[in-house]
Each structure stands twice: as C-alpha cells, then as structure tokens.
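Got the model open in your viewer? Set it to cartoon, keep the selection box handy, and follow along stop by stop.

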Amino acid sequence: MHLIFSTKDRLPLLGQEDLLSRTHAYLGGILRDTNCPSLVVGGTADHVHAFFQLSRTQHVAKVVEIIKSNSSRWLKSQGINNFA
C-alpha cells in the first residue's frame with residue numbers, strides 16, 4: 001500500500017529536520033505494531049508517504065485511522081500543538 005496524507009491546510013509543521021526523521025520513524029513503528037511492516041516512510045514538511053505491506057487481517061481504513069490518530073497524538077506531545 002502507498003498511503004499519502006498531509007498536514008491540515010498543508011502547513012509545513014514537520015519542517016524541522018529532526019522532527020521529520022523522528023516522525024517517519026514513529027510512523028514505521030505504528031505500522032509494525034499493526035502487523036503492516038513499512039517498506040519506506042518519507043515525505044516533506046507538509047505531507048507523508050508511507051509504503052507498507054498491508055496485513056491480510058487488517059482493513060485499509062482501520063490502518064489509516066490508527067496511523068493518523070496515533071501520529072497526531074504523538075506530534076502534539078512533541079510540542080506541535082496546532083497539528084491536525
């Protein structure tokens with residue numbers, strides 16, 4: 001699967017290089033925990049690309065929900081309060 005999603009209003013909230021790489025690593029961990037191992041996670045300051053293997057026991061919509069809700073919660077805990 002190739003999932004692409006952006007920050008709200010395409011704001012460059014992930015612009016700090018350290019935050020960008022940590023976010024990509026965190027997304028890879030979320031995918032691993034859902035039994036959908038990532039092949040590549042990347043992107044820019046305003047959007048993310050996640051290329052991963054979809055587990056045969058998972059639904060695409062559920063994986064997207066898990067990725068977006070967990071990453072949003074994590075980014076807010078990292079001080080990005082206006083992240084959506």
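Start with Leu19, which sits in helix H1. Bear in mind as you click around that this is a predicted model. Is Leu19 buried or exposed? Its relative accessible area is 2%, so Leu19 is buried, the cut-off being under 20%. Now show what surrounds this side chain. Setting aside neighbours within four places in sequence, Leu19 is in contact with Leu13, Leu14, Trp74, Leu75, Gln78 and Ile80. Pick Ile80 from that list and draw a C-alpha to C-alpha distance: Leu19 and Ile80 are 9.9 Å apart in space, with their positions 61 residues apart in sequence.

**Along H1**

Next, select the whole of H1, residues 17–33. How far apart are the end C-alpha atoms of H1? They are 25 Å apart, which agrees with the 24 Å that 17 residues should span at 1.5 Å a residue. Colour the buried residues of H1: Leu19, Leu20, Thr23, His24, Leu27, Gly28, Gly29, Ile30 and Leu31. As you look at the pattern, recall that an α-helix has 3.6 residues a turn, so residues three or four places apart point the same way. Turn on the other elements too, and you'll find the buried residues of H1 packing against S1, S2, S3 and H2.

**Two loop stops**

Step just past the end of H1 and select Asn35, which takes a positive phi of about 65°. Asn35 belongs to the loop between H1 and S2. With a relative accessible area of 52%, Asn35 is exposed, since the cut-off is over 50%. Then jump to the loop between S1 and H1, where you'll find Asp9. Asp9 also has a positive phi, near 60°, and is a residue other than glycine. At 63% relative accessibility, Asp9 counts as exposed.

**The hairpin**

Now select strand S2, residues 38–44, together with S3. The two strands run antiparallel and are joined by 6 bridges. S2 and S3 form a hairpin, with 2 residues between them. For one pair to zoom in on, try Val41, whose bridge partner in S3 is Ala50.

**Along H2**

Move on to H2, residues 60–77. Its 18 residues should span 26 Å at 1.5 Å a residue, and the end C-alpha atoms are 26 Å apart, which agrees. Highlight Val63, Ile66, Ile67, Ser71, Ser72, Trp74 and Leu75, which are buried in H2. Trp74 and Leu75 should look familiar, as both were among the contacts of Leu19. The buried residues of H2 pack against S1, H1 and S3. Follow the chain out of H2 and you come to Gly79, with a positive phi near 100°.

**Last stop: the cavity**

How many cavities of 30 Å³ or more are there? The count comes to 1, and the largest cavity holds about 60 Å³ of space. To see its walls, select Phe5, Ser6, Thr7, Leu14, Thr23, Leu27, Asp46, His47, Val48, Ser71, Leu75 and Phe83. Strand S1, helix H1, strand S3 and helix H2 each supply at least two residues of this lining. Colour the lining by class and you get 6 nonpolar, 5 polar and 1 charged residues. Some of these you have already met: Thr23 and Leu27 are among the buried residues of H1, while Ser71 and Leu75 are among those of H2.

Note on methods: Residues are numbered from 1 along each chain as its sequence is written. This is a predicted model: local features need pLDDT of at least 70, side-chain atom pairs count only at pLDDT 80 or more; totals for chains, interfaces and linings use all residues. Side-chain values use heavy atoms; hydrogens and water are left out. On a 1 Å grid over the protein atoms alone, a cavity is a set of points where a 1.4 Å probe fits but cannot get out, and a pocket is an open set with protein on both sides within 12 Å along at least five of seven lines; lining residues have an atom within 4 Å of a point. Grid points are joined across faces, edges and corners, and a volume is the space filled by probe spheres set on the points. Helices (H or I, at least four residues) and strands (E, at least two) are DSSP runs, numbered from the N terminus. Ala, Val, Leu, Ile, Met, Phe, Trp, Tyr, Cys and Pro count as nonpolar, Asp, Glu, Lys and Arg as charged, and the others, Gly among them, as polar. Two strands pair if DSSP finds at least two bridges between them. The expected span of a helix is 1.5 Å times one less than its number of residues. Buried means under 20% relative accessible area, exposed over 50%, partly exposed in between (1.4 Å probe, protein chains only). Contact means heavy atoms within 4.5 Å.
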